[in-house]
Amino acid sequence: MKLVSYFFSLTFAALSLASCSKDGKSLITPVSSGRPYEVMVVADDRCWMSPDSALYHVLDTDVPGLPQAERSFRISRVRPAHFDRTMRLFRNIIMVDINPEKYTQVRFKYTRDAYASPQMIMTIQAPSQMEFADYVSRNGQVIVDFFTRAEMNRQVKLFEKKHSPMVAAKVGSLFGCDIWMPAEMESSKEGQNFFWASTNLNDMNFVMYSYPFRSNDTFTKEYFIHKRDSVMKVNLPGYKEGVYMQTADSALVEVRDLNLHGDYAFEARGLWEMNGDAMGGPFVSIVRVDRQSANVIVAECFVYNPGKLKRDQMRKLNAALYTLRLPEELAAASQKLDEYPAELPLKLPSDDEVQEMQVDETAVDNNKK
């Protein structure tokens with residue numbers, strides 16, 4: 001009798017664990033495999049080895065704003081027949097389904113945490129190889145941004161658990177804002193409406209500064225570079241007079257508009273250098289307006305890591321910048337108890353081509369037929 005009771009206790013405990021969830025997933029959901037910014041493509045030889053190799057060329061593009069060429073993703077490929085229960089645990093998956101009998105147009109579908117967590121699966125369905133290649137070529141940046149933002153959202157969740165309390169406290173006292181920077185940032189310096197923080201190795205750096213909002217010209221590439229150089233010259237001087245930080249070739253600076261937490265943001269990325277010294281590296285900046293104080297808030301991260309790859313560090317810092325919350329956002333969150341962090345919206349093709357789907361347990365077996 002005791003043995004039967006013990007058996008039923010174990011069964012009940014297992015069912016309880018399976019029914020309990022966190023972030024909408026079962027507590028016994030497997031942890032996904034693979035490294036950040038690694039993508040596995042499930043495609044047959046005809047698609048993957050076609051002369052155009054459209055999907056490979058899209059995933060193999062370089063990350064913008066870096067001093068040396070670094071690929072956007074690590075890429076692996078598996079044939080549909082080999083996409084088994086082990087392979088499906090990968091964190092980022094693109095499934096290619098080309099079938100003229102099933103599809104009349106190209107469709108884009110995605111699902112989250114279907115077999116593991118965290119996980120993002122993208123499915124591209126097409127009636128022919130030619131239409132698939134054309135669609136992928138036209139939406140190449142969308143595909144890159146889709147998985148990049150998925151990875152950055154994962155990084156933000158990690159920052160929620162562990163970030164630099166020193167940086168958060170200083171940003172709060174000086175600017176009334178909040179931001180989650182890597183916990184390794186322990187060194188800092190303050191100036192007039194300026195704050196700098198860095199790791200002890202000085203490889204990852206963060207700065208924040210503010211100035212009065214005058215006009216919409218603030219959100220132009222030319223004004224951004226002019227203002228950035230004037231602020232950095234004063235606050236980040238070199239080892240001797242005449243040595244200071246400045247933006248490198250302005251032609252290489254890329255800017256774009258963002259929707260960050262439901263509000264407008266201006267993003268710029270490029271290269272920095274020390275005038276009068278052989279130092280430099282990549283930077284990325286977020287520019288926003290604090291409506292309560294009518295000030296422009298600039299949050300920037302830059303990397304100094306000579307001779308080493310910088311992609312992962314820059315993407316980590318880029319994700320940290322997206323955690324910036326202005327005073328009015330902090331006030332709204334405290335009143336409404338809004339859940340934070342808010343995810344970056346996934347960049348998708350036009351709505352009529354996209355469907356968020358649920359993947360069931362038969363999907364793997366059907367794909368192998």
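The following questions and answers walk through a predicted model of one protein chain.

Trainee: How many helices and strands does the secondary structure of the chain come to?
Mentor: The chain has 369 residues, and 49% of them count as buried. Among contacts between residues at least 6 apart in sequence, 64% join residues at least 24 apart. As for its secondary structure, the chain comes to ten helices and 16 strands.

Trainee: Is helix H5 roughly parallel or roughly perpendicular to helix H8?
Mentor: Two packed helices are described by the angle between their axes and the distance between the axes. Helix H5 covers residues 140–161 and helix H8 covers residues 311–321, and their axes come within 9 Å and cross at roughly 70°. Angles of 65 to 115 degrees count as roughly perpendicular, and so H5 is placed, relative to H8, as roughly perpendicular.

Trainee: How many residues in the contact of H5 with H8 are nonpolar, and how many are polar or charged?
Mentor: On the side of H5 the contact is made by Thr-148, Met-152, Gln-155, Val-156 and Phe-159, which meet Arg-315, Lys-316, Asn-318, Ala-319 and Ala-320 in H8. Sorted by kind, the residues of this contact are five nonpolar, three polar and two charged.

Trainee: Which residue forms a salt bridge with Asp-97, and is that residue buried or exposed?
Mentor: Side chains of opposite charge can pair when their charged atoms come close. The side chain of Asp-97 meets that of Lys-102 in a salt bridge, with 3.6 Å from N to O. Since exposed means over 50% relative accessible area, Lys-102, at 53%, counts as exposed.

Trainee: Which parts of the chain does the salt bridge of Arg-288 with Asp-263 tie together?
Mentor: The closest N and O atoms of Arg-288 and Asp-263 are 3.4 Å apart, and the two residues form a salt bridge. Because Arg-288 lies in one strand (residues 280–290) and Asp-263 in another (residues 263–275), the pair ties together parts that are 25 residues apart in sequence, namely strand E14 and strand E13.

Trainee: Of Arg-288 and Arg-291, which is buried and which is exposed?
Mentor: Arg-291 also forms a salt bridge with Asp-263, the closest N and O atoms being 2.9 Å apart. Arg-291 lies in the loop between E14 and strand E15, so this pair joins parts that are 28 residues apart in sequence. With relative accessible areas of 0% for Arg-288 and 52% for Arg-291, the buried residue is Arg-288 and the exposed one is Arg-291.

Trainee: Which residues are linked with Asp-263 in a network of salt bridges?
Mentor: The count for the model comes to 21 salt bridges. Asp-263 is itself buried, with a relative accessible area of 16%. The residues linked with Asp-263 in a network are Arg-288, Arg-291, Glu-328 and Glu-329.

Trainee: How far apart in space are Ile-124 and Val-96, C-alpha to C-alpha?
Mentor: Ile-124 lies in strand E7, which spans residues 120–126, and at 0% relative accessibility Ile-124 counts as buried. Leaving aside its neighbours within four places in sequence, Ile-124 is in contact with several residues, including Ile-94, Val-96, Val-106, Phe-132 and Ile-143. Although Ile-124 and Val-96 are 28 residues apart in sequence, their C-alpha atoms are separated in space by 5.2 Å.

Key. Residues numbered from 1 in each chain as written. Predicted model: local features only at pLDDT ≥ 70, side-chain atom pairs only at ≥ 80, totals over all residues. Heavy atoms only, no water. Axes fitted to C-alpha atoms, helices over the stretch in contact; angles between N-to-C directions. Helix = DSSP H or I, 4+ residues; strand = E, 2+ residues; numbered from the N terminus. Parallel < 35°, antiparallel > 145°, perpendicular 65-115°, else oblique. Contact = heavy atoms within 4.5 Å. Nonpolar A, V, L, I, M, F, W, Y, C, P; charged D, E, K, R; others polar. Salt bridge = Lys/Arg side-chain N within 4 Å of Asp/Glu carboxyl O. Buried < 20%, exposed > 50% of the residue type's maximum accessible area, 1.4 Å probe, protein only.
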